[in-house]
Amino acid sequence: MKGTKDFPQCGFSNTVVQILKLLNVPFETLNILENEFLRQALKEYSNWPTFPQLYIDGEFFGGCDITVEAYKSGELQELLEKTMCS
Ligand SMILES: N[C@@H](CCC(=O)N[C@@H](CS)C(=O)NCC(=O)O)C(=O)O
């Protein structure tokens with residue numbers, strides 16, 4: 001993401017952080033603004049051109065819009081519960 005979970009530096013990144021905090025799940029963040037190599041490498045790895053990028057159990061889940069939609073539909077909560085219980 002851009003910034004950190006304690007200090008998001010972009011509205012989209014902040015939105016994803018707020019959702020994860022609301023869901024009370026453990027998560028870590030990497031600040032791509034501090035690492036240009038990581039910024040480019042992650043875009044190639046996920047085949048996704050923007051940040052934030054949410055990874056669940058090591059798998060790319062989506063960016064801000066996808067995360068918001070999945071939160072609204074309940075799909076995100078379901079997936080996180082499954083992941084944390086497995
Ligand atoms: N619609 C995107 C919004 C995110 C977005 O547009 N991020 C831009 C501006 S913060 C970005 O990361 N651009 C590529 C870059 O800065 O390397 C989403 O759902 O995540």
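How many Å separate an oxygen atom of the ligand from a polar backbone atom of Cys-64? The answer is 2.8 Å, and the first view shows where to look. Please keep in mind that this is a predicted model.

**View 1. The ligand and its shell of residues.** Let's start with the residues that surround the ligand: Lys-2, Cys-10, Phe-12, Arg-39, Lys-43, Pro-49, Thr-50, Phe-51, Gly-63, Cys-64 and Asp-65. By type, this shell divides into five nonpolar, two polar and four charged residues. Two helices each supply at least two residues of the shell: H2 (36–46) and H3 (64–73).

**View 2. Polar atoms beside the ligand.** Here we look at single pairs of atoms. A polar side-chain atom of Lys-43 sits 2.7 Å from a ligand oxygen atom. Asp-65 takes part through its backbone, where an N or O atom is 2.8 Å from an oxygen atom of the ligand. Cys-64 also uses its backbone, with a polar atom 2.8 Å from a ligand oxygen. On its own the ligand has 500 Å² of accessible area, and the protein covers 74% of that.

**View 3. The two ends of helix H2.** Begin at the start of H2, where a side-chain oxygen of Asn-35 comes within 3.1 Å of the backbone nitrogen of Phe-37. Now move to the residue Asn-47, just after H2, with its positive phi of about 60°. Why is that worth a second look? Most residues other than glycine have a negative phi. Asn-47 is not a glycine, yet its phi is positive. Asn-47 belongs to the loop between H2 and S1, and its relative accessibility of 68% makes it exposed. From Asn-47 to Phe-60 is 13 residues along the sequence, while their C-alpha atoms are 9.5 Å apart in space.

**View 4. A cis peptide bond in the loop.** Stay in the loop between H2 and S1, which is also the place of Pro-52. The peptide bond that joins Phe-51 to Pro-52 is cis, with omega at about 10°. For background, most peptide bonds are trans. Phe-51 is also one of the residues around the ligand. Both Phe-51 and Pro-52 touch Ser-13, the subject of the next view.

**View 5. Ser-13, a residue of helix H1.** Is Ser-13 buried or exposed? With a relative accessibility of 0%, Ser-13 is buried, because anything under 20% counts as buried. This serine lies in helix H1. Setting aside residues up to four places away in sequence, Ser-13 touches Met-1, Lys-2, Phe-51 and Pro-52. One of these, Lys-2, is also part of the shell around the ligand.

**View 6. Phe-7, in the segment before H1.** Phe-7 is found in the segment that comes before helix H1 (11–22). Its relative accessible area is 57%, so Phe-7 is exposed, given that exposed means over 50%. For a sense of distance, the C-alpha atoms of Phe-7 and Pro-26 are separated by 17 Å, with their positions 19 residues apart along the chain.

**View 7. The largest nonpolar core.** This core has 15 residues, and those touching the most other members are Leu-20, Leu-54, Ile-56, Phe-61, Leu-76 and Leu-80. H1, strand S1 (54–56), H3 and helix H4 (75–85) each supply at least two residues of this core. H1 gives the most, with four residues. Take Leu-54 as an example: apart from neighbours within four places in sequence, it contacts Leu-20, Glu-59, Phe-60, Phe-61, Gly-62, Thr-67 and Leu-76.

**View 8. Tyr-71, a residue of helix H3.** Tyr-71 lies in H3 and is partly exposed, at 27% relative accessible area. Which residues does Tyr-71 touch, not counting those up to four places away in sequence? They are Ile-19, Leu-22, Leu-23, Leu-76 and Gln-77. Tyr-71 and Pro-8 are 63 residues apart along the chain, and 19 Å separates their C-alpha atoms.

**View 9. Asp-57, in the loop between two strands.** Our last stop is the loop between S1 and strand S2 (59–62), where Asp-57 is found. The phi of Asp-57 is positive, near 55°, in a residue other than glycine. Asp-57 is exposed, with 65% relative accessible area.

Definitions and conventions: Residues numbered from 1 in each chain as written. Predicted model: local features only at pLDDT ≥ 70, side-chain atom pairs only at ≥ 80, totals over all residues. Heavy atoms only, no water. Near = heavy atom within 4 Å. Polar contact = N/O pair within 3.5 Å; in protein donor to acceptor, adjacent residues only side chain to side chain. Areas by Shrake-Rupley, 256 points an atom, 1.4 Å probe, with all protein chains shown as cover. Nonpolar A, V, L, I, M, F, W, Y, C, P; charged D, E, K, R; others polar. Buried < 20%, exposed > 50% of the residue type's maximum accessible area, 1.4 Å probe, protein only. Contact = heavy atoms within 4.5 Å. Core = buried A, V, L, I, M, F, W, Y, C linked by side-chain atoms within 4.5 Å.
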